[in-house]
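Welcome! Here is a short guided look at a protein and the ligand it holds. Take a moment with the picture, then read on.

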Amino acid sequence: MKAPAFDYIRAATVAEACAALAAEGPDARLIAGGQSLLPAMNLRLASPRMLIDIGRIAGLGRIAVDGDMLRIGALARHDAILRDATVAHHVPLLTEALRHVAHPAIRTRGTIGGNLAHADPASELPACMLALQAVIEAVSPRGTRRIAADAFFAGLFQTALEPDEMLTAVEIPLPAGPFFFQEIARRAGDYAIVGLAASATRFAYFSVADRPAMRAPFAALDFDPPNDLQATGAMRLHLAGVLRDNALTALGIRA
Ligand SMILES: Cc1cc2nc3c(=O)[nH]c(=O)nc-3n(C[C@H](O)[C@H](O)[C@H](O)COP(=O)(O)OP(=O)(O)OC[C@H]3O[C@@H](n4cnc5c(N)ncnc54)[C@H](O)[C@@H]3O)c2cc1C
């Protein structure tokens with residue numbers, strides 16, 4: 001299928017993108033890498049009247065240590081983050097997780113901002129943001145605000161972003177400390193049946209609920225995961241327990 005007809009503008013700056021979002025109203029959508037939005041449009045699951053292309057806004061793909069945090073601009077592509085030596089050194093959890101995100105062709109286009117704004121509950125990066133206690137920066141015509149990752153993912157494909165807000169960066173506190181990442185998928189590059197991104201104190205499960213789910217290392221796994229073509233909820237719950245046990249062993253955590 002083909003996408004329904006839409007209008008298109010390209011924003012040169014964050015201010016331009018936010019102003020266009022505010023002016024165009026709820027029928028407008030930002031487009032970054034297009035790797036989630038365009039398939040949704042082609043399947044007619046989304047039909048925005050106006051696309052605001054933010055893909056060429058200069059400087060928004062920057063990755064740098066800034067004081068005691070790693071700052072990653074919203075337009076950083078999955079592949080750029082995966083190959084970045086600073087990320088690998090300071091936050092290897094992200095490097096490891098990104099190896100499991102989709103396929104190389106998709107990783108060269110998809111962005112961290114688009115991935116987090118899309119808020120797929122089976123996605124790796126939202127869970128990493130929870131485990132790492134990341135802060136998400138959002139800009140609108142009213143100014144800039146910072147949202148803790150714990151408060152950012154609001155439900156199935158839902159975030160705390162206001163309709164006229166654009167995600168501009170994520171900030172990850174350093175040092176990130178030891179980590180664990182594992183997911184179970186039927187094939188490399190598929191969305192996970194279940195996964196776990198963990199630091200020593202924060203275990204963030206994905207593909208078990210309508211959003212990534214944070215639990216303390218020994219907390220009960222009180223999820224009610226969905227049944228779908230890939231797995232039953234009971235199987236997901238069992239696998240989450242297996243991943244939790246693997247993480248406790250790998251991180252050397254004892255009750
Ligand atoms: C075959 C296939 C397999 C995939 N497998 C995986 C996988 O295993 N794991 C995984 O995590 N992802 C997977 N993806 C999705 C991929 O990672 C996408 O790149 C990502 O989810 C969205 O990033 P994007 O830049 O392409 O966003 P887009 O598709 O451009 O946008 C996605 C949504 O975010 C909004 N948006 C984009 N940027 C911003 C911003 N800066 N501020 C506010 N809103 C914004 C858009 O309006 C849209 O609603 C897969 C995609 C495909 C096609």
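The element that gives the most to the shell around the ligand is α7, with 5 residues. Helices (H or I, at least four residues) and strands (E, at least two) are DSSP runs here, numbered from the N terminus. This is a predicted model, in which local features need pLDDT of at least 70, side-chain atom pairs count only at pLDDT 80 or more, and totals for chains, interfaces and linings use all residues. Residues are numbered from 1 along each chain as its sequence is written.

In total, 31 residues surround the ligand, and the closest are Gly33, Gln35, Gly110, Gly113 and Gly114. The elements that give two or more residues to this shell are β2 (28-31), α2 (37-42), α7 (112-118), α8 (124-131) and β10 (166-173). A residue counts as near the ligand if its C-beta atom, placed from the backbone, lies within 6 Å of it. By type, the shell holds 16 nonpolar, 11 polar and 4 charged residues. Here Ala, Val, Leu, Ile, Met, Phe, Trp, Tyr, Cys and Pro count as nonpolar, Asp, Glu, Lys and Arg as charged, and the others, Gly among them, as polar.

Now for the protein as a whole. It has 10 helices and 14 strands. Its C-alpha atoms fill a box of roughly 55 × 45 × 30 Å along the principal axes. Of the 255 residues, 43% are buried, meaning that 20 or more other C-beta atoms lie within 10 Å of their own (12 or fewer is exposed, in between is partly exposed; C-beta atoms are placed from the backbone).

What is inside? The largest nonpolar core (buried Ala, Val, Leu, Ile, Met, Phe, Trp, Tyr and Cys residues joined through C-beta atoms within 7 Å) has 75 residues, and Ala17, Ile52, Leu93, Cys128 and Ala197 have the most contacts inside it. The helix α8 gives the most to this core, with 6 residues.

Some backbone details deserve a look too. Most residues other than glycine have a negative phi, and most peptide bonds are trans. A cis peptide bond joins leucine 174 and proline 175, with omega about -5 degrees, and proline 175 sits in the loop between β10 and β11 (179-184). Two residues other than glycine with positive phi are listed below.

| Residue | Phi | Loop between | C-beta atoms within 10 Å |
|---|---|---|---|
| Arginine 44 | near 60 degrees | α2 and β3 (50-53) | 11, exposed |
| Phenylalanine 157 | near 55 degrees | β8 (153-155) and β9 (158-159) | 16, partly exposed |
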